[in-house]
Structures are given as C-alpha cells and as structure tokens.
Amino acid sequence: MANELYETTSTPTEPDALVQNGESKTSFWATVSEDIWAVFIASVLMVGVLIWAFAAPDFKFVTPNYGWADANALFSKVLNINNLLLIIGIGTVYALLSSIAIQLSGGSVRKYLTGFGFIFLLGILSLVIAGNSSVNDFGVEYVIFALLLGLTFSNVFRLPNWLQEAARSEFFIKTGLVILGASVLFKAIVAAGLPGILQAVAVVSVVWFFSLWLSRKLKVDDEFGVILASAVSICGVSAAIVAAGAIQGDKKKLSYVTTLVLLVAIPMLILQPWAIRFFNIPELVGGAWLGGTLDTTASVAAATESVGAAATTIGSIVKLSQNVLIGVAAFFIATWWVMRKSPDQKLNGEKPSLQLVWERFPKFVLGFIAASLIFSFLIPTDTVKQVGGFLKSLQTVWFALAFVAIGLEARFADLMKMQGGRPALVFISAQLFNIFWTLLWAYLLFGGILLPIPDVQ
C-alpha cells in the first residue's frame, strides 16, 4: 500500500514529484520536485509573516491555544470561537498553498482537499489531546497521538482513494522542516560554547556508523540500514526522511522506520527523566543526555522541564546542534551512497559523479539551511523574537499533519513482515547504544571532566 501512495511521474533523479494516483504529466510543473514545492510553500509562509512583522513592529502574533486542564478550560480556551477561527484560518491557508502544488503537479485537487480536511482534523485533535495538562505531565507529545490516530484508522479501515491522495507525509514534514530552520539559530549555538557542538558530532558520527555496522551484521540491507542509522543518530523522523531522499529509498522502509521512532520514543520520554532523578545524574549532564537522545526539540523541552531550567537550556542547545548537522548528513549520505561502489561500476545504470550526488541530494535541506542562515544573521533579533513563536506554531501543525499521514500509510501486518523483524531489532539495539554513548559524552563534556562546566545562567 505504501508504494501505491507514492506513484510519481518524476524522472529517476527527481523522485519526489507530487503526483499521486494521477495521470502522467509532461508539463514543466509536473517535473518540479516535492522538495521544491516544500521550500516554496514554507518560504511563502515565512516571508508573509516577516512582511507583517516589518510593517507592524509592535504587532503581537497570536498562536493557537491547545492547552487545557479540564472540560471548562477546553471549551473556554481551546474551543472558543476566536481560537477555532485561528486554527481554521491556518488550515485554509495550508490547504490553498498545498493544493496549488497538487494541481500544478497533476494531482486531483478535489480528492486532495477532501482528504486534507480529514487529516487536518486528526492533526488538530492530536494537538488538543497532547495539550491536556495531565498528558503534558507525562511528556507525551502530539506526534505520538497523531501517529496513533493515523495508525488506528489505517488498520481498522481500508483507506479510500481520496484519503490516499492527501496522505503525503514527506511533503508535509519537509515543509515543516524548512520552517524549523528559522528556529535553528547559529548565533545561539555558538554563544553556548563548544560542548554542545562536540557532543553532537561525537554522538552522530559514532552512532551512525555503529547502526550501519549492526544492520549489516544482522543482514539488514544497506538501504534500510542507512535510514535506520540516520533516524537513531541525528533527529529521528526528520533525519530518516533526509536519508531516504538522499538514497531514493523505499517508502515502505521509511514508513517502517518513522513508526519505530515514535513508538520507541514513548518509553524513552518516561524512563530517561526518571533515571536522571533516580540516579542523581547532574542537571546539566541530564539535559545534555536528553538533548542528544530524544528526537525532537519539543520532546527534549518536555522531558527536561522536570529536571530543571538549566537542563532545558542545555538540552535545547544540544538538540539544535544536532539539527544543524542535517545538511552535513544529507551531503555525506548522498555522496557515500553514490560513491560506495568502485568508479568503474555503475549505480543503477548511472556512473558515480558529483552531478549524481547533487541529483540525489534532498533539495529541501537547502531551504532549511537558508532559513537558518537568514534568521541567524540577516533578520533583526527583535523581529526573530516577534515571529518565532508563531512560526513554531505553523511548523507544529505541518508536523502534526505529517505524523497522521505516516500512520495512515502504515499497516502493522506489512511492517511485521519486513525482513523478519530484524530492522526493529537493529533500531532498538542501536538506540540502546545511543543512550549509553550519549550519556558518556554528556558526563565528559558537561560534567566537568574534559571541559569546565558551562555557565548557563
């Protein structure tokens, strides 16, 4: 089913065109890749917000409220008319921008909009569920509920064609990742000092190669192994999508890995903060440990909150440092994948070359890097602060849509059959290695062993 959801009309070097379940198109627009559309839509949103901010420097951007403690708060804060209109407005803008891409790429806009409305509803529902204060106390993120809602529907019902047309997890998450670049500020990372960057490099590089080695030992194919290794070592689903794009990986394998990432994240979110408290791990070490192992900035913030304010600061810095490595990892993976055979051999009929590396490089990563550089060095700090929260809320909705779509694309029966469950064993084993390896480096760099303890006051 996952392959059926990703029928494209692209050439071998542009695998991500947006056509799904549609007729082949030969026009220029049908050759524009999914990555380019993601960058375009994210850019329109960010530029629009910045223009508004520059035109009205004192304007306060209002973000949707999903937080509630009881039924009264649910109706008064979340389901009140102003909040609902804001949420509907965001959904309308998203539907309009993405439907332009679908239309020009040759897809069915009618089916897409019908399915988009359903996925958007489930995505917002996941945010509202996660917004409950009791759920929040356990640190369980909206992405888990988005995945579970999608999985429940796809495994109970057969997906109708109109819903398949809208289940575009990669498209949604790529758009969100470009917007995420606006919050990855180089100045903040550099100002925080060397330890976070050192830990990110030490963890990502070693865990990536260990995971790939383990995949080969357990006879998991390299395509699967690269996606698994990237997910474990860098930043979960986002890195898995980058890796899959760089090697033009099987969509079923990507769906398998993203599902694993989110399911394994649940016990990690609960057990790691508990371990920090139980074993009296120093606060800064605990924050660096969580920042290096949990897969999203939001999960790091949720898990470190119970540890302490300093842990939250360090955890966020470490996670942002790993996020910066997305671009480096994309180039490395694309190059390694193309050049891994001897130069006189061909890769799927194509000789290894820098041009082939460029063709396989996931272009949306350039949008992520550009957004990060622009917001780090060209946009005034006051403006970045003014728009930061609102852009974060826009990114969150894209991610919610993406994880619902991931759930819709995955069926437990298909996932269980893939290579006899060995990829799951690789992922869990590599994640355990990651947990202990990252803890070691957190102690070395943030525990005063190799470097002075950072001042985060």
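User: Phe75 is found in helix 2, which covers residues 71-78. Why is Phe75 called exposed?

Analyst: This is a predicted model, and every value here is computed from it. Phe75 has a relative accessible area of 56%. The word exposed is used over 50%, so Phe75 earns that label.

User: What makes up the nonpolar surface patch of about 580 Å²?

Analyst: The patch is made by Phe75, Leu79, Ile81, Leu84, Leu85 and Ile88. Helix 3 gives the most to this patch, with four residues. Patch members need over 30% relative accessible area, and Phe75 passes that cut-off because its value is 56%.

User: How do you know that Lys174 forms a salt bridge with Asp35?

Analyst: Look at the closest N and O atoms of Lys174 and Asp35, which are 2.7 Å apart. The cut-off is within 4 Å, so the value of 2.7 Å qualifies as a salt bridge. This pair links distant parts of the chain, with Lys174 in helix 8 (residues 169-180) and Asp35 in helix 1, 139 residues apart. Both Lys174 and Asp35 are buried. The two also belong to a network of salt bridges that links Glu34, Asp35, Glu170 and Lys174.

User: How many salt bridges does the count come to by this rule?

Analyst: The count comes to seven. One of them joins Arg168 and Glu165, with the closest N and O atoms 2.8 Å apart.

User: Why does Arg168 count as buried, and why does Glu165?

Analyst: Buried means under 20% relative accessible area. Arg168 is at 1%, so it counts as buried. Glu165 is at 0%, so Glu165 counts as buried too.

User: What makes the contact between Lys253 and Asp221 a salt bridge?

Analyst: The N to O distance between their side chains is 3.1 Å, and the limit is within 4 Å, so the pair counts as a salt bridge. Lys253 lies in helix 13 (residues 251-278) and Asp221 in the loop between helix 10 (194-217) and helix 11 (222-235), so the pair ties together parts that are 32 residues apart in sequence.

User: Does one label fit each partner: is Lys253 buried or exposed, and why is Asp221 called partly exposed?

Analyst: Lys253 has 12% relative accessibility, so it counts as buried. Asp221 has 26%. Partly exposed runs between the 20% and 50% cut-offs, so Asp221 is called partly exposed.

User: Why is Lys392 called partly exposed?

Analyst: Lys392 lies in helix 19. Its relative accessible area is 31%, so the label is partly exposed. The C-alpha atoms of Lys392 and Thr63 are separated by 9.0 Å, with their places 329 residues apart along the chain.

User: What is the phi of Gln248, and what is the phi of Asn280?

Analyst: Most residues other than glycine have a negative phi. Gln248 is not a glycine, yet its phi is near 55 degrees, a positive value. Asn280 is not a glycine either, and has a positive phi of about 55 degrees. Gln248 sits in the loop between helix 12 (237-247) and helix 13, while Asn280 is in the loop between helix 13 and helix 14 (283-293).

User: Why is Asn280 called exposed, and why is Gln248 called partly exposed?

Analyst: Asn280 has a relative accessible area of 65%, so it is exposed. Gln248 has 27%, so Gln248 is partly exposed.

Notes:
Residues are numbered from 1 along each chain as its sequence is written. This is a predicted model: local features need pLDDT of at least 70, side-chain atom pairs count only at pLDDT 80 or more; totals for chains, interfaces and linings use all residues. Side-chain values use heavy atoms; hydrogens and water are left out. Patches are made of residues with over 30% relative accessible area and no salt bridge: like charges are joined within 9 Å, nonpolar side chains (Val, Leu, Ile, Met, Phe, Trp, Tyr) within 5 Å. Accessible areas come from the Shrake-Rupley method with a 1.4 Å probe; for residues, only the protein chains shown count as cover. Helices (H or I, at least four residues) and strands (E, at least two) are DSSP runs, numbered from the N terminus. Buried means under 20% relative accessible area, exposed over 50%, partly exposed in between (1.4 Å probe, protein chains only).
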